[in-house]
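Student: Please take one part of this structure and go through it closely. I would like to know how that part sits in its surroundings, with the numbers where they exist.

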Protein chains: 2
Amino acid sequence: MSKRPLILVTNDDGITAPGVRSLIEVMNIIGDVVVVAPDSPQSGMGHAITVNSTLHLDKVNDDEATQAEYSCSGTPADCVKLGVREILDRRPDLCVSGINHGSNASINVIYSGTMSAAIEAGIEGIPAIGFSLCDYNWNANFEPCKSYVKTITENVLKHGLAPGTVLNVNFPNLEKKDIKGIKICRQAKANWVEEFDKRQNPYGKDYYWLTGKFVNLDKGEDTDEWALANGYVSIVPVQFDLTAHHSIQQLNTWNFNEE
Amino acid sequence: MSKRPLILVTNDDGITAPGVRSLIEVMNIIGDVVVVAPDSPQSGMGHAITVNSTLHLDKVNDDEATQAEYSCSGTPADCVKLGVREILDRRPDLCVSGINHGSNASINVIYSGTMSAAIEAGIEGIPAIGFSLCDYNWNANFEPCKSYVKTITENVLKHGLAPGTVLNVNFPNLEKKDIKGIKICRQAKANWVEEFDKRQNPYGKDYYWLTGKFVNLDKGEDTDEWALANGYVSIVPVQFDLTAHHSIQQLNTWNFNEE
């Protein structure tokens, strides 16, 4: 039996995306790899799961590959659920998701399929990391990320993660020599200001494309946005207990008996 | 000009669902109501947004209704974005989502379209509440919820919410007389244990249905699951800063320079 860690790899850009191929390459150095990834891009899917339709799973045959690969008709969260329950014969030691083509820093974590996969694994009690590169291009250069992916992954395998947390790792779009190192950060308080591009179809009916501008009003130097803008790899520990514990006391002062 | 609050109403079960009709009824007592809700059920959509396809918006004509209504081809989060940017001529004073047919307590908040709409409004700085009834039936009885919906909403309008928080309200599936009151809670540490129902299509190919069992190992009496099981309406203040602030110090002790 292998003593190498068992690593479940997924993403949200789809199984053929260059970002996940780079991630698989690094994971093959570290452990035994099984890939379960969407058969088509799932960006913006948030933490969606497939409850109203069926899921398909196809073994991808590639005789040259070290890793087993499955493409799945579902969302990134579905991929993790199926991987853990139906494909792997034991619990994985780690789940990694990405490398996403595009930033998942700041509020983007909420909309991120990449991070939803990591969070799904975290809910299952599996240490998990989501990796993203701040470059939306399909031909983005993932080379500078690789040594950092390896170091961060090895640290997670060595130290574990605090219960109820996963890591959100974002890479600045820089050459390796220009990356200054790694910073542990908090999620910046930023948001998207939507601008809908309103058009008319050939039959005169209006429709919309969602576009928008990212606005960061958070001046903190301990945020992921600051780190990325200043040449650092950002790591934010992310939790899925969404309780705003600090608000509980205030809410207890409200009068709910005035009906 | 009206001094009544402007209230944006949405949900994830679709604009025709009995749950949102009940919510509209209560909101019409409190303020001026505009409904922007999905044209079809969106359960399990998590915080999905529509970035890879177009969005359609249709004004629903109902001469008898007090409120303006729009049905939208997108997700609950899309509905909030479109409502705020394209439909309303001023910022709403409140956004309410639901009443969901089914629980969004505990870890369900992560998968919930209902709560994603409330969170989307929260990100926009709009006070927001998601309401859910622990009954998945289309014909669920929303009558017992109504006075609580009114009281909770009036409290939010009166006191506001702490910045960066929204409310996740769940109702036990009980007669009004059996509901014991309201409890402010934390999110229970529970999860779903998936069981995939594996089948074969008529052509011999496997496919899966996602099913599962909800498991709550959290023995706390301050959780939403405890409150609901004991006859209370649960309110959890929910935040969208996902940073696990307590983990930052530990991660800073890791050695990232060993590559």
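Tutor: A residue counts as buried when its relative accessible area is under 20%, as exposed when that value is over 50%, and as partly exposed in between. The model is predicted. The part taken here is strand 5 of chain B with the loop and helix that come after it, followed by the sheet and the contacts between chains.

Start with B:Ser106. With a relative accessible area of 0%, B:Ser106 is buried because it falls under the 20% limit. This serine is in the loop between strand 5 and helix 3 of chain B. Its phi is positive, about 55°, although B:Ser106 is not a glycine. The other chain gives a matching description: A:Ser106 also has a positive phi of about 55°, is placed in the loop between strand 5 and helix 3 (108-111) of chain A, and is buried at 0% relative accessible area.

B:Asn108 belongs to helix 3 (residues 108-111) of chain B. Its relative accessibility is 9%, so B:Asn108 is buried as well. A polar atom of the B:Asn108 side chain lies 2.9 Å from the backbone oxygen of B:Ala105. Beyond the neighbours within four places in sequence, B:Asn108 is in contact with B:Ser103, B:Trp192 and B:Phe214.

Going back into strand 5, there is another backbone feature. The peptide bond from B:Gly98 to B:Ile99 is cis, with omega near -10°, and B:Ile99 is in strand 5 of chain B. In chain A, a cis peptide bond joins A:Gly98 and A:Ile99 with omega of about -15°; A:Ile99 is in strand 5 (residues 94-101) of chain A.

Strand 5 is part of a sheet. Nine strands of chain B form this open sheet in the order 3-4-2-1-5-6-7-11-8, with mixed pairing. Strand 3 (57-60) and strand 8 (181-184) of chain B each have a single partner strand, so each is left without a neighbour on one side. Direction ignored, neighbouring strands of the sheet are turned by 20° against each other on average. At the strand 3 edge, four bridges join strand 3 to strand 4 (residues 68-72) of chain B, and the two run antiparallel. Within that pair, B:Asp58 stands opposite B:Ser71 of strand 4.

Two helices touch strand 5 among other strands. Helix 2 (residues 76-87) of chain B lies across strands 1, 2, 3, 4 and 5 of chain B, at about 135° to strand 2. Helix 4 (residues 113-123) of chain B packs on the sheet, where it touches strands 1, 5, 6, 7 and 11; its direction makes about 170° with that of strand 6 of chain B.

Strand 3 and helix 2 also lead to the contacts between chains. Chain B can be laid on chain A with an RMSD of 0.0 Å by a turn of 180° and a shift of 0.0 Å along the axis. That is the relation of a two-fold axis. Of the interface residues of chain B, 100% are also interface residues in chain A, so the copies meet through the same surface.

Over all chains the count of salt bridges comes to 32. One of them is between B:Lys205 and A:Asp58, whose closest N and O atoms are 2.7 Å apart. B:Lys205 is in the loop between strand 9 (190-200) and strand 10 (206-216) of chain B, while A:Asp58 is in strand 3 of chain A, so this pair joins two chains. B:Lys205 is partly exposed at 31% relative accessibility, and A:Asp58 is partly exposed at 34%.

A:Glu194 forms a salt bridge with B:Lys81, with the closest N and O atoms 2.2 Å apart. A:Glu194 lies in strand 9 of chain A and B:Lys81 in helix 2 of chain B, so this pair too joins two chains. Both A:Glu194 and B:Lys81 are buried.

A further pair is A:Arg85 with B:Glu194, at 3.8 Å between the closest N and O atoms. The pair crosses from helix 2 (residues 76-87) of chain A to strand 9 of chain B. A:Arg85 is partly exposed at 33%, whereas B:Glu194 is buried at 5%. Both residues belong to a network of salt bridges that links A:Lys81, A:Arg85, A:Glu120, A:Glu124 and B:Glu194.

Conventions. Residues numbered from 1 in each chain as written. Chains lettered and ligands numbered in written order. Predicted model: local features only at pLDDT ≥ 70, side-chain atom pairs only at ≥ 80, totals over all residues. Heavy atoms only, no water. Pairing = 2+ DSSP bridges. Axes fitted to C-alpha atoms, helices over the stretch in contact; angles between N-to-C directions. Contact = heavy atoms within 4.5 Å. Least-squares fit on C-alpha atoms with pLDDT ≥ 70 in both. Buried < 20%, exposed > 50% of the residue type's maximum accessible area, 1.4 Å probe, protein only. Polar contact = N/O pair within 3.5 Å; in protein donor to acceptor, adjacent residues only side chain to side chain. Salt bridge = Lys/Arg side-chain N within 4 Å of Asp/Glu carboxyl O.
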